[in-house]
Amino acid sequence: MTRAARFHAWGAPPVVEDVPEPAYAPGRVLVEVRAAALGHLDLTVATGSFAMKPALPYVGGVEASGVVLEADDLAPGTQVLLRGGGLGLLRDGCWTERVSVSPKAVSPLAEPLPHEVAASFFVPATTAYVALHDIARLEPGEEVVVTGATGAVGAMVAQQARLAGATVTGLVGRSDQLDRVPEGVRGVAADDAAALAELASARPASLLVDTLGGAGLVERTRWVRPGGRAVVIGYVLGASVTVDLPSWLLDDVALLPVNMVRHERRAREVAPSLVGRLASGELGVEVERFDLAEIGKALELLREGRVRGRAVVTFG
């Protein structure tokens, strides 16, 4: 038997329990999971209202890092990223000590990473890359404002914008979070009224990368000079915004959406170079670790927005 976290009812927390030990079969990859990510997609699937859902009971988890135990064409001990192939969406996922998966869900890492980083880097790192380079077409020397700069995606956007030669300002929620802004990024707190007024008055940025959404999105686009653009990644502060069209036309700031479902192939293309930058220390991912037995608590903290960086469960 092997330990796993399984959902037995929609909307209920997962139960950590013993499940049958997976066996190797030709055409499959048997993996020992070392760390698995906890994300908002996992929470959404667990509601039962998402378009894709496995049959109950199911093991959650759409992303993990582990080592190969047995495979047709991968050596035992190879570090791999588990993602795709319907894991945690259409069938059992990665919140388990050992798993047998389709080769389509397995990506060997070009360079070794700590398992908690390997399990959690893909979404924030590739989203940041696509947002900056494919959507915004960032040029060296630009001034960029990133909201949610201590979150997983926001921090990665800020780091990659700096590496691309931009001057970066990172917005955080409170003044006591300023020490968590990535190195080389000027931090501004949302509770600093004078600093926000200066951004609105000066309109210093050519690009805003917004991870917050909500009613304040349009106001934040006014930190961007006319002719600039605002790339919208997330909506943690709300899914709706009202646009006064005459004012928006006068502001002359383009709103550009980031749809990572459409850019999944591109994300997989750029991931190896990002692994290299993570391995070299040019980029970093903040993670908060939990034991599998703590997964219910971890998911609740994630739902409440109280996780530092990305949440991962670790095994062994």
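Trainee: Happy to start with the sheet: how many bridges join strand 3 to strand 16, and do they run parallel or antiparallel?

Mentor: Good place to begin, and bear in mind that this is a predicted model. One pair to look at is Ala35 and its bridge partner in strand 16, Thr314. Strand 3 and strand 16 are joined by four bridges, and their direction is antiparallel.

Trainee: Which way does strand 15 run relative to strand 16, parallel or antiparallel?

Mentor: Look at Thr314 again, since this residue of strand 16 is also the bridge partner of Asp291. Five bridges join strand 15 to strand 16, and the two strands run parallel.

Trainee: What is the handedness of the unit made by strand 15, helix 9 and strand 16?

Mentor: Strand 15 and strand 16 are parallel, and helix 9 completes the β-α-β unit with them. Just after helix 9 comes Gly305, with a positive phi of about 70°. As for the handedness of the β-α-β unit, it is right-handed.

Trainee: Why do the buried residues of helix 9 lie on the same side?

Mentor: Let's list them: Ile295, Ala298, Leu299, Leu301 and Leu302 are the buried residues of helix 9. In an α-helix, residues three or four places apart point the same way, because there are 3.6 residues a turn. The buried residues of helix 9 are on the same side because the arc they cover around the axis is only 160°.

Trainee: What do those buried residues pack against, and how many residues of strand 16 are buried?

Mentor: The buried residues of helix 9 pack against strand 1, strand 2, strand 3, helix 1, strand 15 and strand 16. Strand 16 itself is mostly covered, and its buried residues number four of five.

Trainee: Now for the largest nonpolar core: which element gives the largest share of it?

Mentor: That core has 43 residues, and Leu113, Phe121 and Val157 are among those with the most contacts inside it. Elements that give two or more residues to the core include helix 2, helix 3, helix 4 and helix 8. The largest share, seven residues, comes from helix 3.

Trainee: Which residues does Leu113 contact, leaving aside its neighbours within four places in sequence?

Mentor: Leu113 is one of the residues with the most contacts inside the largest core. With those neighbours left aside, its contacts are Gln79, Ala118, Phe121, Val275, Leu278 and Ala279.

Trainee: Finally, how far apart are the end C-alpha atoms of residues 11–313?

Mentor: UniProt, in an unreviewed entry, places the feature "domain: Enoyl reductase (ER)" at these residues. The span is 29% helix and 27% strand, and its end C-alpha atoms are separated by 20 Å.

Note on methods:
Residues numbered from 1 in each chain as written. Predicted model: local features only at pLDDT ≥ 70, side-chain atom pairs only at ≥ 80, totals over all residues. Heavy atoms only, no water. UniProt positions renumbered as here; feature names shortened; annotations may be inferred. Core = buried A, V, L, I, M, F, W, Y, C linked by side-chain atoms within 4.5 Å. Buried < 20%, exposed > 50% of the residue type's maximum accessible area, 1.4 Å probe, protein only. Contact = heavy atoms within 4.5 Å. Arc of directions from axis to C-beta. Pairing = 2+ DSSP bridges. Right-handed = clockwise from strand over helix to strand, strands pointing away.
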